[in-house]
Amino acid sequence: MESIKDITNEILKCKRCKLHLTKTNYVPGDGNENARIVFVGEAPGREEDKQGKPFVGSAGKLLNETLLKFGIRRERVFITNVLKCRPPNNRDPLNEEIEACIPYLYRQIMAIKPDVIVCLGRHSSKQVLGFFGEKFRGITSDRGKFFEVMLNGKKIVIMPTYHPAAILYKPQLKDVFEDDIKKVAEIIGKLEKKRTLFDFF
Ligand code: SF4
């Protein structure tokens, strides 16, 4: 089984799509290789592109504060994006860019084998649910739902929620976003008491 380090090294040399020409830094992902939770956003923004790390701008600050509020420690988490290079001016990812880059995300998920995948926003929700053969019906209808799927014989859950950037733009969504993260914290809290996902569903 390949490691996160192997995948990162490959990403850092990638020229599979044109975004490698316009990015400042690749943003492969950051966190614990044995994380219980993987957060997946859409693509690096300006600050992420500058630093080569995911979720370090204002949306990342909001995510970190929300995780802390519900006791989710950063060392339990791995954070990445569907795209590992920033689209110019933060435009939406093109289909060909997603197709070129998405295998890295799937390989990261297979390498980490988390208990929970939290999809931040519609792009990551569509791609991650699609990988597991689940249909994404839109962020409004699927937000906060747990999708139970199997990953190499292990039961895991996927939960779509809003992207933190959407919360900055529409602060009225903050309560539901926090409710979603709280639900994830509850699952992880129970798992840390040595129970398994089979006990909850
Ligand atoms: S966005 Fe992904 S596929 Fe495109 S160059 Fe960057 S790492 Fe490679």
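**Exercise 1. Place Asn89 and state whether it is buried or exposed.**

Asn89 lies in the loop between β3 and α5; helices (H or I, at least four residues) and strands (E, at least two) are DSSP runs, numbered from the N terminus. The model is predicted: local features need pLDDT of at least 70 and side-chain atom pairs pLDDT 80 or more, while totals for chains, interfaces and linings use all residues. Residues are numbered from 1 along each chain as its sequence is written, and side-chain values use heavy atoms, with hydrogens and water left out.

Step 1. The relative accessible area of Asn89 is 73%.
Step 2. Buried means under 20% relative accessible area, exposed over 50%, and partly exposed in between (1.4 Å probe, protein chains only). Asn89 is therefore exposed.
Step 3. Asn89 is not a glycine, yet its phi is positive, at about 55°.

**Exercise 2. Find where Pro87 sits and which accessibility class it has.**

Step 1. Pro87 belongs to the loop between β3 (77–81) and α5.
Step 2. Its relative accessibility is 1%, so Pro87 counts as buried.
Step 3. Pro87 and Leu19 are 68 residues apart along the chain, and their C-alpha atoms are separated by 6.3 Å.

**Exercise 3. Describe Phe55 by location, phi and burial.**

Step 1. The loop between α3 (46–51) and α4 (58–69) holds Phe55.
Step 2. Phe55 is a residue other than glycine with a positive phi, near 50°.
Step 3. With a relative accessible area of 5%, Phe55 is buried.

**Exercise 4. Compare the span of α5 with its expected value, then locate its bend.**

Step 1. α5 covers residues 95–112, which is 18 residues.
Step 2. The expected span is 1.5 Å times one less than the number of residues. For α5 the expected value is 26 Å, and the helix reaches 26 Å from its first C-alpha to its last.
Step 3. A bend of about 40° occurs at Cys101, and Pro103 follows within four residues; the bend is the angle between axes fitted to the seven residues ending there and the seven starting there.
Step 4. Of the 18 residues of α5, 13 are buried, so the helix is largely enclosed by the rest of the structure.
Step 5. Just after α5, Lys113 has a positive phi of about 50°.

**Exercise 5. List the residues around the ligand.**

Step 1. A residue is counted if one of its heavy atoms lies within 4 Å of the ligand.
Step 2. This gives Cys14, Arg16, Cys17, His20, Lys84, Cys85, Ala100 and Cys101.
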